[in-house]
Amino acid sequence: MKRIQLTTVALFLLLTLMLLWLGQAYADEPRYLGQLSANPYSSDSSANPYGAGSPYDADSINNEYGRYGSPYSNESANNPYATNPPKLYDSAGNFRGNLSSNPYDPDSVSNPYGRYGSEFSPDSINNPFGAGSPYRNDSPTNPYGEGLEIRSGEH
């Protein structure tokens, strides 16, 4: 009788540890958070208050109390001290900068001297003649375009 109870307890502990390990592995995966886009009609757009841009969506960069929008979260686009902000990617999967308000992060879209933040860099969303052109489909400033994909920061 005791042997059966020990086996059951051991099996329960093993399954619990496996589930915790799987949960942690899943938590470290980058999450899709929507599109950085000026398009208010796309459900995935950060400009759509009823879609990915909802201030009530837990994963929205516009939710000031959420993980990705809080000025205090280390994973927020709105925390100037965040070390793990959301990342931007184009439709081909190429990295296009950190969606961060940190002006000192070399990869931040808010760094006026960085590759992804300078108004003179062709890779910057702040350059109206480069990646930030309102005529490009993948530009966040195109009100009818797709914008750039926002993913949670990789761990």
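User: Happy to dig in! What share of the contacts in the chain with a separation of 6 or more comes from residues 24 or more positions apart?

Analyst: Good place to start, keeping in mind that this is a predicted model. The chain has one helix and four strands, running α-β-β-β-β from the N terminus. Among contacts with a separation of 6 or more, the share from residues 24 or more positions apart is 30%.

User: Which residue does R31 meet in a salt bridge?

Analyst: The structure holds six salt bridges, so there are several to look through. In one of them, the closest approach is 2.5 Å, N to O, and the partner of R31 is D59. R31 lies in the loop between α1 (2–27) and β1 and its partner in the loop between β1 and β2, so the pair ties together parts that are 28 residues apart in sequence. The partner asked for is D59.

User: Is D90 buried or exposed?

Analyst: D90 meets R96 in a salt bridge at 3.0 Å, N to O. R96 is partly exposed, with a relative accessible area of 21%. For D90 the value is 8%, and buried means under 20%, so D90 counts as buried.

User: Which side chain does the side chain of E75 make a polar contact with?

Analyst: E75 lies in the loop between β1 (32–36) and β2 (87–89). Its relative accessible area is 13%, so E75 is buried. At 2.8 Å, its side chain makes a polar contact with the side chain of R67.

Definitions and conventions
Residues are numbered from 1 along each chain as its sequence is written. This is a predicted model: local features need pLDDT of at least 70, side-chain atom pairs count only at pLDDT 80 or more; totals for chains, interfaces and linings use all residues. Side-chain values use heavy atoms; hydrogens and water are left out. Helices (H or I, at least four residues) and strands (E, at least two) are DSSP runs, numbered from the N terminus. Contact means heavy atoms within 4.5 Å. Buried means under 20% relative accessible area, exposed over 50%, partly exposed in between (1.4 Å probe, protein chains only). A polar contact is a pair of N or O atoms within 3.5 Å; within protein, one must be able to donate a hydrogen and the other to accept it, and residues adjacent in sequence count only if both atoms are side-chain atoms. A salt bridge is a side-chain nitrogen of Lys or Arg within 4 Å of a carboxyl oxygen of Asp or Glu.
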